[in-house]
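Me: Hi! I have a structure open and would like to talk it through with you. Can we take a look together?

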Amino acid sequence: MRIYLLDDDPKVLAANGFLLKAMGHDSQGWTEPACFLEELDDNTEAVLLLDLAMPEMDGLEVLAELNRRRSPVAVVLLTGHGDVPQAVKAMKLGAVDFLEKPVDARRLAEVLARACKCAADLSAEAEARQRVARLSAREHEVVSLVAQGLTNKAIAESLCVAVRTVEVHRAAAMTKLEAANMAELLYCWQLAQGRE
């Protein structure tokens with residue numbers, strides 16, 4: 001799993017990079033949020049250890065931007081002097097955790113394990129959204145109605161088409177969603193709705 005560091009203090013960046021190296025992880029660091037966001041590959045799952053207090057763009061703003069872009073990046077916020085309202089806002093924005101500096105290695109190891117799982121989940125959501133985006137407008141309608149539990153006959157009546165037409169659209173949707181059965185189709189559909 002890729003681990004990114006973003007902190008405006010180069011000394012803290014270096015210390016956290018050293019700590020991660022000692023824990024067996026390679027990392028890549030930035031001191032400027034704008035550069036990080038510009039260079040970030042929005043299709044690569046990763047964990048970001050993110051400083052909360054930065055002058056140009058704070059950690060909560062970076063987290064909000066990652067959410068807007070739907071990047072599969074799990075965020076752990078770091079702060080030297082966090083308060084409860086900031087922690088609550090961070091968690092509402094989807095942060096995995098909120099750690100105080102200097103970071104404790106044992107606590108970081110536990111949080112990284114959760115963050116890696118979170119990043120994998122975000123990546124799976126992104127992949128499901130890409131598959132759903134392949135659907136035609138009619139296939140999208142059919143899958144939406146299937147997800148609501150409607151039968152082919154009920155869908156046909158709802159869309160004013162023949163049952164055979166629904167079957168054709170449903171089969172095409174299953175191919176595009178790479179679903180071998182109905183359970184996989186519904187799982188992909190629900191996953192794509194992840195951060196709606």
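Me: Let's start with strand 3. How many of its residues are buried?

Reply: Happy to help, and do keep in mind that this is a predicted model. In strand 3, 6 of the 6 residues are buried, so the strand is largely enclosed by the rest of the structure.

Me: Which way do the side chains of strand 3 point?

Reply: Ala-46, Leu-48 and Leu-50 point one way, while Val-47, Leu-49 and Asp-51 point the other way. Asp-51 is buried along with the other five named here.

Me: OK, and what is the strand order in the sheet?

Reply: The sheet is open, has 5 strands, and runs in the order 2-1-3-4-5 with parallel pairing.

Me: Which strands stand at the edges?

Reply: Those are strand 2 (28-30) and strand 5 (97-100). Each has a single partner strand, so one side of each is left without a neighbour in the sheet. As for the twist, it averages 20° from one strand to the next.

Me: How many bridges are there between strand 1 and strand 3?

Reply: There are 5 bridges between them, in the parallel sense. To find the register, look at Ile-3, which stands opposite Val-47 in strand 3.

Me: And how many bridges join strand 3 to strand 4?

Reply: Strand 3 and strand 4 run parallel and are joined by 6 bridges. Here Ala-46 has Val-73 of strand 4 opposite. Between these two strands the chain passes through helix 3 (residues 59-69), and that β-α-β crossover is right-handed.

Me: What about the pairing of strand 1 with strand 2?

Reply: Strand 1 (residues 2-6) pairs with strand 2 in the parallel sense over 3 bridges. Tyr-4 stands opposite Gln-28 there.

Me: Which strands does helix 5 touch?

Reply: Helix 5 (residues 105-133) packs on the sheet and touches strand 1, strand 3 (46-51), strand 4 (73-79) and strand 5. The helix direction makes about 150° with that of strand 4.

Me: I clicked on Val-132. Where is it found, and is it buried or exposed?

Reply: Val-132 is in helix 5. With a relative accessible area of 10%, Val-132 is buried, because the cut-off for that is under 20%.

Me: Which residues does Val-132 touch?

Reply: Leaving out residues up to four places away in sequence, Val-132 touches His-140, Leu-177, Trp-189 and Ala-192. For a distance across the model, the C-alpha atoms of Val-132 and Ser-27 are separated by 33 Å, and these residues are 105 apart along the chain.

Me: Switching topic to the whole chain: how many helices and strands does it have?

Reply: The chain has 9 helices and 5 strands. In sequence order the pattern is β-α-β-α-β-α-β-α-β-α-α-α-α-α.

Me: Is the chain compact or spread out?

Reply: The radius of gyration is 21 Å, well over the 16 Å that the globule rule gives for 196 residues, so the chain is more spread out than a compact globule. Its C-alpha trace spans about 65 × 30 × 30 Å along the principal axes.

Me: What share of the residues is buried, and what is the accessible surface?

Reply: Buried residues make up 41% of the 196. The accessible surface comes to about 10400 Å², with 53% of that belonging to carbon and sulfur atoms.

Me: Last one: what share of the contacts joins residues at least 24 apart?

Reply: That would be 63%, counted among contacts between residues at least 6 apart in sequence.

Definitions and conventions:
Residues are numbered from 1 along each chain as its sequence is written. This is a predicted model: local features need pLDDT of at least 70, side-chain atom pairs count only at pLDDT 80 or more; totals for chains, interfaces and linings use all residues. Side-chain values use heavy atoms; hydrogens and water are left out. Two strands pair if DSSP finds at least two bridges between them. Helices (H or I, at least four residues) and strands (E, at least two) are DSSP runs, numbered from the N terminus. Axes are lines fitted to C-alpha atoms, for helices over the stretch in contact, and angles run from 0 to 180 degrees between N-to-C directions. Contact means heavy atoms within 4.5 Å. The radius of gyration is taken over C-alpha atoms; the globule rule is 2.2 Å times the number of residues to the power 0.38. Buried means under 20% relative accessible area, exposed over 50%, partly exposed in between (1.4 Å probe, protein chains only). Accessible areas come from the Shrake-Rupley method with a 1.4 Å probe; for residues, only the protein chains shown count as cover. A crossover is right-handed if, with the strands pointing away from the viewer, the path from the first strand over the helix to the second runs clockwise.
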